[in-house]
Amino acid sequence: MNLHAIGAIYRYEMARFFRTIFQSFLSPVISTSLYFVVFGTAIGSRIDSVEGVSYGAFIVPGLIMLAVIQQALNNAAFAIYFPRFTGTFYEVLTAPVNFLEVVAGYVGAAATKALFIGVVILGTSTLFVDISIQHPLAMVAFLLLTGISFSLFGFIIGIWAKSFEQLQLIPMLIVMPLIFLGGSFYSISMLPPLWQKITLFNPVVYLISGFRWSFFGAADVPVALSLAAICGFTALALGVIWWIFRTGWRLRS
Amino acid sequence: MAPILRINDLRKTYDGGFEALKGVTLDIEEGEILALLGPNGAGKTTLISTLCGNTLPTGGSATVGGHDILKDYRAARSMIGLVPQEIALEPFEKVINTVRLTRGLFGKGRDDALVEKILRQLSLWDKRDTPTKALSGGMKRRVLIAKALVHEPRVLFLDEPTAGVDVALRKGMWDTVAELKASGVTIILTTHYLEEAEAMADRIGVIQKGELLLVEEKAALMKRLGRKKLTVQLRSPLSEVPAALSGFDLELAEEGHALVYTYDSQAERTGITRLLAALAEAGVGLADLSTHQSSLEEIFVDLVGEDAA
């Protein structure tokens with residue numbers, strides 16, 4: 001195990017994050033505040049409560065998930081795409097490292113950044129609403145698993161992408177709608193019966209449901225199912241990355 | 001002592017069907033400098049990329065320090081440093097951080113003293129906190145060399161180290177390579193300048209169309225390649241080489257309007273003075289003189305011709 005390599009990649013990637021710490025910190029704070037003003041105050045004042053929780057508090061887990069998923073995807077995709085774009089990835093390919101070490105370095109850093117943003121949003125939201133977390137350990141576990149699994153997914157996108165446009169394609173076209181339709185801002189029980197069934201095909205539903213359960217103790221789908229879904233997604237992404245490194249797809253000619 | 005690098009029938013065919021390496025076999029001894037000479041597209045970079053792990057071979061094998069480059073890639077790659085042909089650096093990162101990254105990637109712990117020594121050696125210490133995008137082209141190339149050296153490799157690949165580098169820097173690069181050799185590093189460099197191979201290498205390999213045409217000691221090869229031709233334009237045409245000049249390696253050319261003298265430019269005595277004196281003595285009138293050294297392309301043609309014969 002080349003631990004020095006994991007540490008080197010991790011530190012190098014985190015250095016990029018700290019170079020832009022101000023933007024990294026400020027933009028989620030502003031966007032979260034906007035969501036609270038629009039959804040929590042303007043619209044939420046007309047909604048009594050959802051599943052016994054005030055609407056403002058109800059959307060907090062969804063908002064955190066939205067940010068963590070986006071940040072994890074974008075950070076990991078960019079982290080692996082940028083060295084491919086500038087040509088510096090040759091040194092990773094010629095280094096004595098295996099795929100797990102490369103992934104641990106890049107995905108570890110991307111997930112760390114995503115979790116940092118998640119915590120910032122949680123902190124910001126306490127300025128607007130009262131929040132109690134019923135299952136803190138489960139909350140941390142869901143946050144970690146989501147950050148890691150979507151960083152893995154982002155890693156795959158970063159290897160697949162051949163241009164900066166493609167880098168944005170999947171996050172914008174597929175993942176964003178899935179998050180918005182995954183119950184970030186509503187409970188599935190608020191949907192018409194048919195849509196309640198259809199929405200179960202959306203994997204993000206399981207993430208947000210499980211995460212929300214860790215806050216309020218109420219979930220749209222069983223918590224065990226949520227956990228299984230996210231673990232399955234993580235395993236699938238790891239399998240794809242293993243295949244990429246074994247065949248050299250888009251990495252080695 | 002076993003060669004530090006053994007390449008055995010190494011082959012690479014790209015997905016498009018292009019055969020970049022057609023079975024290259026080569027042994028490189030520890031501590032030597034080997035220059036791979038060849039025109040663009042000859043397979044020089046593919047050979048280096050394959051040995052370093054950037055490209056996957058489609059046949060044959062290679063070992064570095066006895067470690068197979070595929071089966072035992074960790075041990076093999078730990079021994080290798082690569083300076084790529086294209087300058088590739090993360091633009092916003094500081095010089096010292098990008099150098100430290102490479103050391104970590106190759107499994108070595110932080111060593112500030114060594115990093116400082118290497119950066120000083122390459123005249124980069126003053127620029128250590130500069131983002132790489134603010135460096136000149138020559139400095140960027142030196143950063144790449146620093147990165148390639150920072151994990152203390154025993155074999156260093158330099159892929160066209162002086163491409164796009166001005167004359168003064170090129171000379172500096174040659175000095176750097178000489179220092180590295182003195183420290184015991186084995187160096188394989190590619191170039192398409194004969195002059196460069198001559199200045200740096202112990203042995204020279206000529207590669208063309210994915211095949212290694214020859215590998216020879218520099219001295220032997222330079223002798224072979226060092227032949228020049230002196231063309232003497234005559235005032236009046238001759239029907240044959242005058243008997244008085246039969247001691248010289250002369251040929252008639254241009255339908256008797258010119259004499260061509262072939263000589264070894266590396267030799268102590270080229271025989272030109274004697275020839276000119278003999279021509280005057282024989283009463284042959286000279287209109288003009290010109291000399292010509294075989295270009296690399298012509299040498300390749302010659303080599304291919306010899307191999308075919």
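This report describes the nonpolar cores, the overall build of chain B and the contact between chains A and B in a predicted model.

The largest nonpolar core holds 80 residues, and the members that touch the most other members are V68(A), A76(A), Y106(A) and V107(A). Helix α3 of chain A, which covers residues 55–86, gives the most to this core, contributing 20 residues. For A76(A), leaving aside residues up to four places away in sequence, the partners touched are Y106(A), V107(A), A110(A), S151(A), G154(A), F155(A) and G158(A). Separate from this is a second core of 59 residues, which includes L37(B), I118(B), L124(B) and L189(B).

Chain B is built with 10 helices and 14 strands, and further values for this chain are set out below.

| Property of chain B | Value |
|---|---|
| Span of the C-alpha trace along its principal axes | about 75 × 45 × 40 Å |
| Share of the 309 residues that count as buried | 36% |
| Share joining residues at least 24 apart, among contacts between residues at least 6 apart in sequence | 71% |

Where the two chains meet, 23 residues of chain A are in contact with 29 residues of chain B. On the chain A side, the elements that give two or more residues are α1 (3–19), α3 and α4 (90–93), and of these α1(A) gives the most, with 7 residues. By residue class, the side of chain A that touches chain B divides into 11 nonpolar, 9 polar and 3 charged residues. Helix α3 of chain A thus appears in both settings, giving the most to the largest nonpolar core and also giving two or more residues to the side that touches chain B.

How values were computed. Residues are numbered from 1 along each chain as its sequence is written. Chains are lettered from A and ligands numbered from 1 in the order in which they are written. This is a predicted model: local features need pLDDT of at least 70, side-chain atom pairs count only at pLDDT 80 or more; totals for chains, interfaces and linings use all residues. A nonpolar core is a set of buried Ala, Val, Leu, Ile, Met, Phe, Trp, Tyr and Cys residues joined through C-beta atoms within 7 Å. A residue is buried if 20 or more other C-beta atoms lie within 10 Å of its own, exposed if 12 or fewer, and partly exposed in between; C-beta atoms are placed from the backbone. Helices (H or I, at least four residues) and strands (E, at least two) are DSSP runs, numbered from the N terminus. Two residues are in contact if their C-beta atoms, placed from the backbone, lie within 7 Å. Ala, Val, Leu, Ile, Met, Phe, Trp, Tyr, Cys and Pro count as nonpolar, Asp, Glu, Lys and Arg as charged, and the others, Gly among them, as polar.
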